[in-house]
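I opened this model today to look up how its strands are arranged and how its helices pack. I kept short notes as I went along.

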Amino acid sequence: MKIFTGGFHHESDTFNPIVTTIEDILVRRGEQLQECMREDSLYGINKALRDKGFEVVSSLHARAVPNGEWDKNVYLNLREEFLTSLKETLPVDGICLALHGSMRVKEIGKAESDLLKQIRLLCPHTPITASLDMHATITEELLALIDGVVGYKCAPHTDTIETGIAAANLLIKLINNKRLYMSAFRIPMLIAGEKSETSTEPMKSIMAKVREREKEAESVSLFMGFPWADVEENGVTALCVSAISKSHAASIALDIANTFCKYKDDFKFCCEAYEELEALAKCKEYISQKSFPIIISDSGDNPTAGSSGDVTNFLRRILADNYLTTLKPPLIYQAFYDPEVVDLAFNSGKDSSIKGYLGAKFDNIKSKPIEFEGKVIALCPSYNNKRIALIRIKGVDVVVTSAHMGCYEVEMMESLGVVAKDRRVIVVKLGYLEPELKAIANKSILALTDGSSNELFERLEYKKLPRPFYPLDKDAMVEVKEIL
């Protein structure tokens, strides 16, 4: 039997003015899907299906670091390539996709629903399942176009392969003529990932309940939605796929939704969180205690949550601090998306002095560029195939990138000759710390900074989100609504 696989994966931040273009997108095809994706749900999908003896035809998988909405023509071209591959593969016995669930395209809107509509025109009765990110935004339209979904259960997302395998297993059951029933309930709440790591409460207990109830069903998922998207359908969704009955699926999904609601006032930041000046004061306190390294998250401008990565406000505060600019070794700030400054650094060369304007090249509403004079400390011509530079500005080492990139890897600093664990203070444009940064952090501080991933939702201008909506409206009634 022949199965068609592939996918699109992106978190689209509607508050970010950057438009995601082909330069931002990693597209893998053919053998690349087997060789390079061992930490992706599509790898789990393909492996599970091949292990069960299915012929697997993989089209493409397109993904990018979270950013603004996709360029329409870029998406349509990749969609056409994907659909052409499907046409050439037909007939197929099933389709299994690796999707995000919160991807949006300029002038089109919901990418996953648009893609599934086109697939259904070609394969109206073919069983389709998908893996989804925990931060997927679930809609009635999406659920009407698909036969089964399963979401990640870990944040940070360390269970992507397992989730892909689970999506493949749902498809196999459908192919083997097992009928599946889905039910979903939406909760009008926005919860940031920095308050919902699954290793901390209350998510730890909620996800334990999800796993316990999943023993009675084919899959149970809790989708958190994506808070930095101003869309009508946003919110948290509890979903169950059952082989018993629709009412059985509904009873489990409703139980998970109600359980989540019981904890609505218990979601707190998973580490110490302070406004900008308080965060710097706390950092100095920890320096006096020699609690190194101290890692501060510039959370409002987190590229892995879709922000632009070029908001300068927090760096400006640090540069104005006569103590933090004199640390030995220097405070290191990872990273700013500024191709112009990277070009200047590479053209000038290592150890050269340069001057110019840093930051706010893409989002010049939330901050303004910083005029600087600095020294090029190190250059890396190919970090994940992108150029990055380390520039010392007034006693602070600033990593600058030529592309919109996540800042969660220790390797980014190390590629520039920095021994991260030996630094006293590291600032990263990030929210909760990914495992490799968490492993070296003696102290972790979440700075409540500005940007397109602002953790304080009331500072963002939601125009499409239906109101009242918790926690934007503190007294809002949190009423669970069945959407399937």
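The entries below follow the order in which I looked things up.

**Entry 1: the six-stranded sheet.** I began by reminding myself that this is a predicted model, and then I turned to an open sheet of six strands, which run in the order S2-S3-S1-S4-S7-S8 with mixed pairing. I noted that S2 (25-29) and S8 (148-151) are at the edges and have a single partner strand each, so one side of each is left without a neighbour in the sheet. From one strand to the next, the twist averages 15 degrees.

**Entry 2: one pair inside that sheet.** In which sense do strands S1 and S4 pair? I found that S1 (residues 2-9) and S4 (residues 94-99) pair in the parallel sense, over six bridges. As a single position to look at, I picked Thr-5, which stands opposite Cys-96 in S4.

**Entry 3: helices on the sheet.** I then looked up helix H4 (residues 111-122), which packs on the sheet and touches S1, S4 and S7 (128-132), its direction making about 165 degrees with that of S4. Helix H3 (residues 72-89) lies across S1, S2, S3 (55-64) and S4, and I noted that H3 runs at about 175 degrees to S1.

**Entry 4: two helices against each other.** At what angle do H2 and H6 pack? For H2 (residues 41-51) and H6 (residues 160-175) I noted an angle of about 45 degrees, with the axes 6 Å apart. That angle is why H2 counts as oblique to H6, and the crossing of the two helices is right-handed. On the H2 side the contact includes Tyr-43, Ile-45 and Leu-49, while on the H6 side Ile-161, Ile-165 and Ile-172 are among the residues met. I also wrote down how the residues of this contact divide, which is into eight nonpolar, four polar and no charged.

**Entry 5: the four-stranded sheet.** I went on to an open sheet of four strands in the order S10-S11-S9-S21, where the pairing is antiparallel. The edge strands here are S10 (219-223) and S21 (481-482), each of which pairs on one side only. S9 (residues 181-187) pairs with S21 in the antiparallel sense over two bridges, and I noted Lys-481 in S21 as the bridge partner of Arg-186.

**Entry 6: the annotated region.** Lastly I checked the record, an unreviewed UniProt entry, which places the feature "domain: Microcystin LR degradation protein MlrC C-terminal" at residues 296-464. Over residues 296-464 the chain is 17% helix and 31% strand, and I noted that the end C-alpha atoms are 32 Å apart.

Technical notes: Residues are numbered from 1 along each chain as its sequence is written. This is a predicted model: local features need pLDDT of at least 70, side-chain atom pairs count only at pLDDT 80 or more; totals for chains, interfaces and linings use all residues. Side-chain values use heavy atoms; hydrogens and water are left out. UniProt positions are given in the numbering used here, feature names are shortened, and annotations may be inferred rather than shown by experiment. Axes are lines fitted to C-alpha atoms, for helices over the stretch in contact, and angles run from 0 to 180 degrees between N-to-C directions. Angles under 35 degrees count as roughly parallel, over 145 as roughly antiparallel, 65 to 115 as roughly perpendicular and the rest as oblique. A crossing is left-handed if the near helix is turned anticlockwise from the far one by less than a right angle, and right-handed if clockwise. Contact means heavy atoms within 4.5 Å. Ala, Val, Leu, Ile, Met, Phe, Trp, Tyr, Cys and Pro count as nonpolar, Asp, Glu, Lys and Arg as charged, and the others, Gly among them, as polar. Two strands pair if DSSP finds at least two bridges between them.
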